[in-house]
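Please read this briefing alongside the sequence and the coordinates. It goes through the fold, the strands, the core, the ligand shell and a few single residues.

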Amino acid sequence: MEKVCVTGAGGYIASWVIKLLLSKGYIVHGTVRDPGNEEKNGHLKKLENAGERLHLSKADLFDYEGLCAAFAGCNGVLHIASPVPGILKLDDPQGLGGLGFLIDLPSPQADDAF
Ligand SMILES: NC(=O)c1ccc[n+]([C@@H]2O[C@H](COP(=O)([O-])OP(=O)(O)OC[C@H]3O[C@@H](n4cnc5c(N)ncnc54)[C@H](OP(=O)(O)O)[C@@H]3O)[C@@H](O)[C@H]2O)c1
């Protein structure tokens with residue numbers, strides 16, 4: 001089975017994407033900042049097939065090692081996590097922190113059709 005990583009798994013858009021991926025038979029590795037936060041992430045466990053095919057791990061967008069670990073073994077990455085506007089100064093390269101590395105990470109190995 002194809003394995004896909006979804007960043008910001010507990011967010012609005014990511015949750016719907018994960019529901020779709022699970023319904024299509026994918027194994028989903030979701031990243032969240034606080035895996036123990038049931039208020040933010042509890043709804044994911046109720047998705048159909050989540051018990052068998054959804055795995056959550058802790059990763060912040062500025063945590064290079066955490067993201068690399070989450071992406072390892074995945075055929076694709078859906079980067080949906082989005083830092084709250086106002087915290088980052090998008091016109092300031094320093095404000096983007098380590099996000100630039102995302103474009104340098106290895107490309108998915110399998111076909112990209114989801
Ligand atoms: N909602 C829409 O109708 C819509 C439409 C078009 C485009 N979009 C775009 O889609 C993206 C997601 O939107 P959304 O509505 O799904 O937002 P959301 O519900 O606020 O979800 C954002 C997610 O990003 C995570 N996040 C924020 N900062 C992070 C960080 N530093 N490290 C790791 N994760 C971080 C949050 O995690 P925590 O739970 O830990 O805070 C949250 O799960 C955004 O880029 C938005 O502009 C949304």
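The points below are grouped by topic, after a short summary.

The model is a predicted one. The protein has 4 helices and 4 strands, and from the N terminus on these elements follow the order β-α-β-α-α-β-α-β. Of its 114 residues, 26% count as buried. Among the contacts with a separation of 6 or more, 67% are between residues 24 or more positions apart.

**Strands and their pairing**

- Strand β1 covers residues 3-7 and pairs with β2 in the parallel sense, over 5 bridges.
- Two positions illustrate the register of this pair: V4 stands opposite V28 in β2, and C5 has H29 as its bridge partner in β2.
- β1 also pairs with β4, again in the parallel sense, over 3 bridges. Here the bridge partner of C5 is V77 in β4, so C5 has a bridge partner in β2 as well as in β4.- Strand β2 takes in residues 27-32, and 5 of its 6 residues are buried, which leaves the strand mostly covered.
- On its other pairing, β2 runs parallel to strand β3 (residues 54-58), and 5 bridges join the two. One of the bridged positions is V32, whose partner in β3 is K58.
- β1 is mostly covered too, with 4 of its 5 residues buried.
- β1, helix α1 (residues 12-23) and β2 form a β-α-β unit, and this unit is right-handed.

**Nonpolar core**

- The largest nonpolar core contains 21 residues. Within this core, V4, C5, V6, A9, I18 and V28 have the most contacts.
- At least two residues of this core come from each of β1, α1, β2, β3, α4 (64-71) and β4.
- α1 provides the largest share of this core, 4 residues.
- What does V6 contact, leaving aside its neighbours within four places in sequence? The list is A14, V17, I18, V28, G30, L78 and I80.
- V4 and V28, both listed among the core residues with the most contacts, are also the pair that stand opposite each other, V28 being in β2.

**Ligand shell**

- There are 17 residues around the ligand, and G8, G11, I13, R33 and S82 come nearest.
- By type, the shell divides into 9 nonpolar, 4 polar and 4 charged residues.
- The largest share of the shell comes from α1, which gives 3 residues. Helix α1 also gives the largest share of the nonpolar core.
- S82, one of the residues that come nearest to the ligand, lies in the segment after β4 (76-78).
- Is S82 buried, partly exposed or exposed? S82 has 13 other C-beta atoms within 10 Å, and because a residue counts as exposed at 12 or fewer and as buried at 20 or more, S82 is partly exposed.
- S82 and L61 are 21 residues apart along the chain, and their C-alpha atoms are separated by 8.4 Å.

**R53**

- R53 belongs to helix α3.
- R53 is partly exposed, because 18 other C-beta atoms lie within 10 Å, while a buried residue would need 20 or more.
- Not counting residues up to four places away in sequence, R53 touches L22, I27 and V28.
- From C-alpha to C-alpha, R53 and L22 are 7.1 Å apart in space, with their places 31 residues apart in sequence counted as the separation.
- V28, touched by R53, is also in contact with V6.

**N49**

- N49 is not a glycine, yet its phi is positive, at about 75°.
- Where does N49 lie? N49 is in the loop between α2 (38-45) and α3 (50-53).
- With 16 other C-beta atoms within 10 Å, N49 is partly exposed.

Terms used: Residues numbered from 1 in each chain as written. Predicted model: local features only at pLDDT ≥ 70, side-chain atom pairs only at ≥ 80, totals over all residues. Pairing = 2+ DSSP bridges. Right-handed = clockwise from strand over helix to strand, strands pointing away. Near = placed C-beta within 6 Å. Nonpolar A, V, L, I, M, F, W, Y, C, P; charged D, E, K, R; others polar. Core = buried A, V, L, I, M, F, W, Y, C linked by C-beta atoms within 7 Å. Contact = placed C-beta atoms within 7 Å.
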